[in-house]
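Here are a few exercises to work through with the structure open beside you. Try each task yourself before reading its solution.

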Amino acid sequence: MPFAEPVTVPTVGQKRLVIVGATGMVGGCALRFALDNPAVGSVISIGRRKLDISHPKLKQVLHHDFADCSTLAEPLSHKDAVIFCLGTYTGVVTDAELRTITLDYTVEFARVLHSSSPDAGFSFLSGSGADPTGRSRLAFARYKGEAENALIAAGFPRVYIFRPAYIYPVEPRKEPNFSYRFMRAIYPAFRMLFPNQVIRADELAGAMVDVVVRGAGERRTLVLENRDIRAMVESLHPKQAGGGTVSKR
């Protein structure tokens, strides 16, 4: 049986959100933003591990096999939006596992969500360089591009695709490899020299939550590159990030 906790019933106008991957760096920040947002009435966190957090808005659902999300049909019913942050790092798993986690899990979850909540918005953590054409030599770019295409074709009224470059972890963690340890060490200088190639994890998470909380009305797909995400953060918190424009497609 999945682990669950009581959840408050949102008042009229408040959003019912789902966060997938809240044990991760961005997903964890997104969860905190959602719980603190007065426009959010309830949050369901879906993941493989129980979170060490309790909140009157929060319900936790443990789900171990994202290759089959059929049992999530009921928990996903009547939801307004999902923030999907499930993923892994290149080089940490095999190519087959990378494809399964990056593409197959996303497609399967989206299938069940759309069946249960066809009007939900979908905020998806993709990555810089994602290639919807499938021509990239980088497996990560191809798989993220395929996942983006699948989400756009799934029929959700609003899809928000976030393509961050280097994501700076705002809390201590064990870095997955040397390149991440190196980037964290030089982050202050790198951000000054190449501001559109970096984004803080909390800035990214806040934008992913805010866009689905505010989003309503017209059907649309937004593809947000790193500079676009920074522009969104700047519009919400002028002292935090740099400028840019939002790509619309």
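The exercises below go from the whole chain to its aromatic pairs and then to two strands; please keep in mind that the model is predicted.

**Exercise 1. The chain as a whole**

Task: Find how many helices and strands the protein chain has, and what share of its residues counts as buried.

Solution: Begin with the secondary structure, where you should count 6 helices and 10 strands. Next, turn to burial: 50% of the 249 residues are buried. Then take the contacts with a separation of 6 or more; 70% of them come from residues 24 or more positions apart. Finish with the surface, where the chain exposes about 12,000 Å², 56% of it supplied by carbon and sulfur atoms.

**Exercise 2. A first aromatic pair**

Task: Search the whole structure for aromatic pairs, and classify the one made by phenylalanine 84 and phenylalanine 124.

Solution: The search returns 6 aromatic pairs. For the pair in question, the ring centres are 6.1 Å apart and the planes meet at 35°. Angles under 30 degrees count as stacked and those over 60 as edge-to-face, so this pair is tilted. Now place the partners: phenylalanine 84 sits in strand E4 (residues 81-84) and phenylalanine 124 in strand E5 (residues 121-125), so the pair ties together parts 40 residues apart in sequence. As a last step, check the cover. Phenylalanine 84 has 0% relative accessibility and counts as buried; phenylalanine 124 is buried too, with a relative accessible area of 0%.

**Exercise 3. A second pair, and a cluster**

Task: Describe the pair of phenylalanine 122 and phenylalanine 156, then say which residues the ring pairs link into a cluster.

Solution: Centre to centre, these two rings are 5.3 Å apart, and with 50° between the planes the pair is tilted. Phenylalanine 122 belongs to strand E5, while phenylalanine 156 lies in the loop between helix H3 (139-153) and strand E6 (158-163), so parts 34 residues apart in sequence are tied together. Both partners fall under the 20% cut-off for buried: phenylalanine 122 has 0% relative accessibility, and phenylalanine 156 has a relative accessible area of 5%. Following the ring pairs onward gives a cluster of Phe84, Phe109, Phe122, Phe124 and Phe156.

**Exercise 4. Two paired strands**

Task: Work out in which sense strands E2 and E3 pair, parallel or antiparallel, and whether strand E3 is mostly covered or mostly open.

Solution: Strand E2 (residues 40-47) pairs with E3 in the parallel sense, over 5 bridges. Within this pairing, isoleucine 46 stands opposite valine 61 in E3. Strand E3 (residues 58-62) is mostly covered, with 4 of its 5 residues buried.

Definitions and conventions. Residues are numbered from 1 along each chain as its sequence is written. This is a predicted model: local features need pLDDT of at least 70, side-chain atom pairs count only at pLDDT 80 or more; totals for chains, interfaces and linings use all residues. Side-chain values use heavy atoms; hydrogens and water are left out. Buried means under 20% relative accessible area, exposed over 50%, partly exposed in between (1.4 Å probe, protein chains only). Contact means heavy atoms within 4.5 Å. Accessible areas come from the Shrake-Rupley method with a 1.4 Å probe; for residues, only the protein chains shown count as cover. Rings of Phe, Tyr and Trp (its six-membered ring) pair if their centres lie within 6.5 Å; planes under 30 degrees apart count as stacked, over 60 as edge-to-face and the rest as tilted. Two strands pair if DSSP finds at least two bridges between them.
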